Amino acid sequence: MDAGRVWRLYHRGELAGEIDEQTHDFPWTYGRFRPLPAFEPLRPLFVARNAALDADDDEAMIRIDDEIRVALTMTHPEGHRVAEFLLSVEGDEAGFRWHDEPFEDG
């Protein structure tokens, strides 16, 4: 386990939140989410994502995930930018998967 590693989220260059890595369930990583003021305008995206997940609405999930990736950048605990990620935030919990290269479409 990599407890103690911190992943960072940025919105328009401003630190929007941090995820303290807690557990893994490949390919997902889970942790405690600490939002900062720059995250607040994005919170409705995550509320909508959670509602789409609950409704099993794949089209909405894809659209919202794309919006999240446009709005946020993620950095690895070592400091480099993550090329692609999927991110779920609910309350103070976050789950994400990431890759060093862009995801393939399809």
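Start by displaying every salt bridge: the count comes to eleven, where a salt bridge is a side-chain nitrogen of Lys or Arg within 4 Å of a carboxyl oxygen of Asp or Glu. Before going on, note that this is a predicted model, in which local features need pLDDT of at least 70 and side-chain atom pairs count only at pLDDT 80 or more, while totals for chains, interfaces and linings use all residues. Residues are numbered from 1 along each chain as its sequence is written, and side-chain values use heavy atoms, with hydrogens and water left out.

**Stop 1: R8 and E18**

Select R8 and E18. Their salt bridge has its closest N and O atoms 3.0 Å apart. R8 lies in strand β1 and E18 in strand β2, so the pair ties together parts that are ten residues apart in sequence. Helices (H or I, at least four residues) and strands (E, at least two) are DSSP runs, numbered from the N terminus.

Now colour by accessibility. Buried means under 20% relative accessible area, exposed over 50%, and partly exposed in between, with a 1.4 Å probe and protein chains only. R8 is partly exposed at 26%, whereas E18, at 13%, counts as buried. Add D20 and R34 to the selection, and you have a network of salt bridges that links R8, E18, D20 and R34.

**Stop 2: helix α1**

Next, select residues 43–54, which make up helix α1. Its twelve residues reach 17 Å from first C-alpha to last, close to the 16 Å expected at 1.5 Å a residue; the expected span is 1.5 Å times one less than the number of residues.

Which residues of α1 are buried? They are L45, F46, R49, N50 and A52. Look down the axis of α1: these buried residues fall within an arc of 160°, so they line one face of the helix. The arc is that of the directions from the helix axis to the C-beta atoms. Turn to the face pointing away from the buried side, and you meet the exposed residues P44, V47 and D54.

To see what covers the buried residues of α1, show β3 (28–35), α2 (58–71) and β5 (84–90), which are among the covering elements. Just after α1, pick D56, which takes a positive phi of about 60°.

**Stop 3: helix α2**

Move on to α2, whose 14 residues reach 20 Å from first C-alpha to last, close to the 20 Å expected at 1.5 Å a residue. Its buried residues are A60, M61, I64, D65, I68 and A71. They cover an arc of only 130° around the axis, which puts them on the same side of α2. On the other side, D58, E59, I62 and V70 are exposed. Display β1, α1, β4 (73–75) and β5 to see what the buried residues of α2 pack against.

Two salt bridges deserve a click here. The side chains of R49 and D65 meet at 2.6 Å, N to O. R49 lies in helix α1 and D65 in helix α2, so the pair ties together parts that are 16 residues apart in sequence. Both R49 and D65 are buried.

Then select R69 and D66, whose closest N and O atoms are 2.7 Å apart. Both lie in helix α2, three residues apart, about one turn of the helix. R69 counts as partly exposed at 23%, and D66 as partly exposed at 38%.

**Stop 4: the nonpolar core**

Switch to the largest nonpolar core, which has 24 residues. Such a core is a set of buried Ala, Val, Leu, Ile, Met, Phe, Trp, Tyr and Cys residues joined through side-chain atoms within 4.5 Å. Those with the most contacts inside this core are I19, F46, L72, M74 and L87. At least two core residues come from each of β1 (6–11), β2 (14–25), α1, α2, β5 and β6 (93–99). The most come from α2, which gives five residues.

Centre on F46. Leaving aside its neighbours within four places in sequence, F46 is in contact (heavy atoms within 4.5 Å) with F39, I68, L72, L87, S88 and V89.

**Stop 5: aromatic rings**

Finish with the rings: the whole structure holds four aromatic pairs. Rings of Phe, Tyr and Trp (its six-membered ring) pair if their centres lie within 6.5 Å; planes under 30 degrees apart count as stacked, over 60 as edge-to-face and the rest as tilted. Select F33 and F39 for an edge-to-face pair, 4.9 Å centre to centre with 65° between the planes. Both F33 and F39 are buried. Last, select W7, F96 and W98, which form one aromatic cluster.
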